[in-house]
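I opened a notebook for this structure and wrote down each thing I looked up. The entries follow the order in which I worked.

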Amino acid sequence: MAAGSDPYIFTSDTLPPDPRFLPPLANGLLGWRVYSEVMHMGSVYNGEGGDCHRADVPCPLSVTMEMEGMEGPVQQTYSLDTHTGIFTHTLSTATATATQSFYAHRYLPNLMVMEVMIVRQAVTEEPVTVKLSSSFTPQSKDIVFQSAPDYSGGRHIQGQTTAAEVSGGPRPTVDLIWNHIPPSLSLLPEQSQSFWGFLLALGNTTESAEASFDEGLSLMASGDLRDSHQQAWKELWLESTVELVGSETLSKAVIGCMFYLLSAFPSLHDVSGWFGGVSPGGLSNGGDGQDYWGHVFWDQDIWMYPAIALFYPTLARAVLEYRVRTVDGAKHNAQKQGYKGLKFPWESAVSGREVCPEDIYGEQEIHINGDVSLAFQHYLYLTQDLSVFTEGQGSEVIWGVADYWVSRVTWNQKDQSYHLLGVMPPDEYYYNINDSVYTNTVAKISLQFAVELANLLKYPAPKEWQEVADHMKIPFDQKSKYHPEYDGYIKGHPVKQADTVMLGYPLGLPMTPEVRRNDLEAYEPVTDPDGPAMTWSIFAVGWLELGEAEKAQKLLEKCFDNIRGPFQVWSESSDGSGAVNFLTGMGGFLQAVLFGYTGFRIQQDRLAFKPLLPNVMSELCIRGVSYLGNKMDFLLRKDEVCIILREHSTSDEEATPCALHVVLQESGEKIPLVPGRPVTFPREAGHICQLDSTFSCWPL
């Protein structure tokens, strides 16, 4: 990266040789990898049960550009501007410059846009022509399309998927309306520059596609189409950013992760309720047989959600609302297994019924229930917003998960403990094992949260919730002072990915530093080096927790092997295989930055911190941390911490934010946080909490 260059702009004069690593453009509803012949639309799946996958939608914007008849060399650049979410291909000669831009509109989620501009650089009497080559065909192996009458000058096709997710259920419909794209565009001799815009509108109904196309045409006519898109991205970045001084590689990785993760979520102002969750490869991927078919896993709730929840409560709530919409399917899954309550699917689409192609995962990888519950728990601790549990039916999720655990456990009279038998842990090398330490711990936490929430809502909690939580078996080896991965695990046996080491973070199981270290040292050397990308991030968080920043940094930098230039697109495995645009790995990487370097821990009555920076970084600035209705900016340096509480806008419709103060751990000093007034103190652990801990900001 050249001195003074913008780290938010990824530029290259060539495209990656593997087209899987072309940059994806998405807006929470639509997703497309640039130049690809297919795109996807949120919640539009084809296939029943285990055959369910994102339906391929043909993309009319699959167009490449080249200059025709130009003398002299042609320079070309490809650029992804993550400030604005715009991908641009530029062709330059001595006499003219042509730019082709693509974006998934950030404010109008049903729109994709292509723009072409030609600017004359020298006075000539010749036209400047660019050739546009399209690979679009109005066909899909997943959707039967038919031509419809043109609409407002745009071509129009409409179709329906061939198979419903659930037998006898609805099959999604899709309408596409787009401007005709000619095979060439020319700047006439008398023109100094010219601009062309092309719209693509998608909708689940003809009416929604037409309305989106009309709005796009109107904004294009007024010159506001790109501006409205850029303004929506600007708003996201003004809310929150993560920037650092030091390693350029680390800086670009962080920015890329934030950009692609935000691209998977809807607008801050979206209230449509159409959000279909986040899959490991995002919206641009997930067709039949690739990138986990576009299904939603624990990856969303455990790996991607924490970074979003720390900054954007509105987007965090969208994740919870997605899970609420799948409750009926989760109830069906539990009943099918012979248990009570809710069993969230290991792989989820729209209905909430299990769509994993292999039954064993849906039957045994039951920790998904606790993962979903933990997301709800952290949302409450960060916001004190109980409406998601009352008006939003979140309580039904928490009660249902608790009821499932109670019906799923087995009591052992001999050791006076409850056990979870016949499960698969996060480490999928093992199955049909008993007492996965991760599964049992996350089950215990979700049962405890169910009791806590019941007390808040004056709900009569069954006594079994607390009983099972209190007596849940948590495997521990007293001799070696470490947590075996499951009952019968032999120390030193290989593991696929982060599993037991997640007890410390994100689960927060209380343990001594000695045990925490023993867990890390036991599993680090036996973890598959070719395992999924998020693993080393969790090890890094653990070592930072123990004060070993350089050891943590070496592990975190293993993730760089999963990042493919020039557009910072991740692969699941370091050799480039597995899912691409691997948002799970990006989410884990961001957690190492946001919860590792800062030591942030989301707790019932506080946001704890314990900052520590590695040598490659002199400064870390985290803007827009959202806590109890407040927005805070953190500036971490080697030896000091600065916190600024943002001024609360009088136009905000949210409840008045809680008054906060900083409590330092060693000195016990308490420092009130006053809006707009920086608070600086020597680096040490502490926490942020309400000034009056007896006061709840949101009435029950």
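The entries below go from the whole chain to single residues.

**Entry 1: the whole chain**

I noted at the start that this is a predicted model. I then asked how many helices and strands the protein chain has. The chain comes to 15 helices and 32 strands.

I looked up the overall dimensions next. Along the principal axes, the C-alpha atoms fill a box of roughly 90 × 60 × 50 Å. The radius of gyration is 26 Å, and a compact globule with 700 residues would have one near 27 Å, so the chain agrees with that expectation.

I also looked up burial and surface. Of the 700 residues, 60% are buried. The accessible surface comes to about 26700 Å², and carbon and sulfur atoms account for 50% of that surface.

My last check here was on contacts. I took the contacts between residues at least 6 apart in sequence, and 66% of them join residues at least 24 apart.

**Entry 2: the nonpolar cores**

I wrote down a general point before searching: in soluble globular proteins, nonpolar side chains tend to be buried together.

Which residues touch the most other members of the largest nonpolar core? I found L620, M632 and I688, in a core of 210 residues. Helix α10 gives the most to this core, with eleven residues. Another core lies apart from it and has 13 residues, including L108, L111, I177 and L225.

I then listed the neighbours of L620, leaving out residues up to four places away in sequence. Among them are V242, E243 and L244, and also L613, F634, L635 and L636. V593, Y597 and T598 are on the list of neighbours too.

**Entry 3: aromatic pairs**

I reminded myself that a pair of aromatic rings is described by the distance of the centres and the angle of the planes. A search of the whole structure gave 37 aromatic pairs. I looked at two of them in detail.

In one pair, Y35 and F102 are edge-to-face, with 5.8 Å from centre to centre and 90° between the planes. Why does this pair tie together separate parts of the sequence? Y35 lies in the loop between β3 and β4 while F102 is in strand β11, so the pair links parts that are 67 residues apart in sequence. Are these two residues buried or exposed? Y35 is buried, with a relative accessible area of 14%, and F102 is buried at 0%.

In the other pair, the ring centres of Y430 and Y486 are 5.3 Å apart and the planes are at 50°, so the pair is tilted. Y430 lies in the loop between β21 and α10, and Y486 in the loop between α11 and α12, so this pair ties together parts that are 56 residues apart in sequence. Y430 has a relative accessible area of 15% and is buried. Y486 counts as buried at 8%.

I went back to Y35 and F102 to see which cluster holds them. Ring pairs link both with W32, Y78, F87 and F567.

**Entry 4: charges over rings**

I looked for charged ends that sit over aromatic rings, and I noted two. The charged end of K551 sits over the ring of W543, 4.0 Å from the ring centre. The charged end of K631 sits over the ring of Y312, with 5.5 Å to the centre.

**Entry 5: backbone details**

I looked up cis peptide bonds and noted two. The bond from Y505 to P506 is cis, with omega near 15°, and P506 is in the loop between α11 and α12. The bond that joins G565 and P566 is cis as well, with omega about 0°. P566 has its place in the loop between β22 and β23.

I finished with positive phi values in residues other than glycine. N432 has phi near 55° and lies in the loop between β21 and α10. K481 also has phi near 55°, and K481 is in the loop between α11 and α12.

Are N432 and K481 buried or exposed? N432 counts as exposed, at 52% relative accessibility. K481 is partly exposed, with a relative accessible area of 33%.

Key. Residues are numbered from 1 along each chain as its sequence is written. This is a predicted model: local features need pLDDT of at least 70, side-chain atom pairs count only at pLDDT 80 or more; totals for chains, interfaces and linings use all residues. Side-chain values use heavy atoms; hydrogens and water are left out. Rings of Phe, Tyr and Trp (its six-membered ring) pair if their centres lie within 6.5 Å; planes under 30 degrees apart count as stacked, over 60 as edge-to-face and the rest as tilted. Helices (H or I, at least four residues) and strands (E, at least two) are DSSP runs, numbered from the N terminus. Buried means under 20% relative accessible area, exposed over 50%, partly exposed in between (1.4 Å probe, protein chains only). A charge sits over a ring if NZ of Lys or CZ of Arg is within 6 Å of the ring centre and within 35 degrees of the ring normal. A nonpolar core is a set of buried Ala, Val, Leu, Ile, Met, Phe, Trp, Tyr and Cys residues joined through side-chain atoms within 4.5 Å. Contact means heavy atoms within 4.5 Å. The radius of gyration is taken over C-alpha atoms; the globule rule is 2.2 Å times the number of residues to the power 0.38. Accessible areas come from the Shrake-Rupley method with a 1.4 Å probe; for residues, only the protein chains shown count as cover.
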